[in-house]
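Morning, everyone. I'll take one cavity and one tyrosine today. Have a look at the model first.

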Amino acid sequence: MLTRVRMTRITKYTHSCVRLEHDGGGTLVIDPGIWSEPEALAGADAVLVTHEHDDHMDLLRLKGLGIPVYAPKAARIPGLDFTGVVAGEEFTAAGFRVIARGGRHARIYGELPDCANLGYLVEDSLYHPGDSLHLPGQPVETLLVPLQGSWLKTDEAIEFVRGVGPERAYGIHDGQINERGLGSLNGWLTDQCDGRYRWLAPGSSA
């Protein structure tokens, strides 16, 4: 039987990067992309990559880390030694129990882009969907909700939070939004998500 750990800190970095720490001392980083701060990876024990786009995966940084990196098995990531994961697979990373969900990146136009995308359910309590709105398939305490993207409308983000019904939701995928746009999106989700939503500024923890 896997030993369960308790998540003690969630730290948000720029765009979709989130750092998770647990009471056993392990640190797991999800989606450290080219816009996220280098300190997000300091002392990390493992990395989860939802998909191959560089706003979610800084290839140069990951190549030099020397720690386990998990990414979709079908991802095209030349030069990086990573463990391929498929939807439905359960594994342990940095001491956290992780289940992969989803399968494909959200559509922007036609069938584009068409690349593998996995959401990660961590310790049955936190869910990071990457570039999709695939549901976690079970209740979660903490939902990371994308705020903006070529593939996303505001009403879809709101319905994602309402459909999952977490105890709390934090905004991610916000690296291309200026202050006026971010204020508007935060206002909409705050007003329409039944008090579940808040935005964490880069470097802030919960």
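Before the cavity, one term: strands here are DSSP runs of E, at least two residues, numbered from the N terminus. And note that this is a predicted model.

Now the cavity. How many cavities of 30 Å³ or more does a search of the whole structure find? The search finds 1. The largest cavity has a volume of about 40 Å³.

Who lines the largest cavity? On the list are Ile10, Lys12, Val18 and Leu144. Tyr170, Gly171, Ile172 and Leu200 line it as well. Two elements give two or more residues each to that lining: β1, residues 7-12, and β12, residues 168-172. Which element gives the most? That is β12, with 3 residues.

What about chemistry? By class, the lining of the largest cavity has 6 nonpolar residues, 1 polar and 1 charged.

Next, the tyrosine. I mean Tyr120, in strand β9, which runs over residues 116-122. Buried or exposed? Tyr120 counts as buried, because its relative accessibility is 0%, and the cut-off for buried is under 20%.

Where does the side chain of Tyr120 reach? It reaches the backbone oxygen of Val49, at 2.8 Å. That pair falls within the 3.5 Å limit for a polar contact.

One more pairing for Tyr120. In sequence, Tyr120 and Ile30 are 90 residues apart. In space, C-alpha to C-alpha, Tyr120 and Ile30 are 8.8 Å apart.

To recap: β12 gives the most to the lining of the largest cavity, and Tyr120 is buried in this predicted model. Thanks, over to you.

Note on methods. Residues numbered from 1 in each chain as written. Predicted model: local features only at pLDDT ≥ 70, side-chain atom pairs only at ≥ 80, totals over all residues. Heavy atoms only, no water. 1 Å grid on protein atoms, 1.4 Å probe; cavity = no way out; pocket = protein on both sides within 12 Å on 5 of 7 lines; lining within 4 Å. Points joined across faces, edges and corners; volume = space filled by probe spheres on them. Helix = DSSP H or I, 4+ residues; strand = E, 2+ residues; numbered from the N terminus. Nonpolar A, V, L, I, M, F, W, Y, C, P; charged D, E, K, R; others polar. Buried < 20%, exposed > 50% of the residue type's maximum accessible area, 1.4 Å probe, protein only. Polar contact = N/O pair within 3.5 Å; in protein donor to acceptor, adjacent residues only side chain to side chain.
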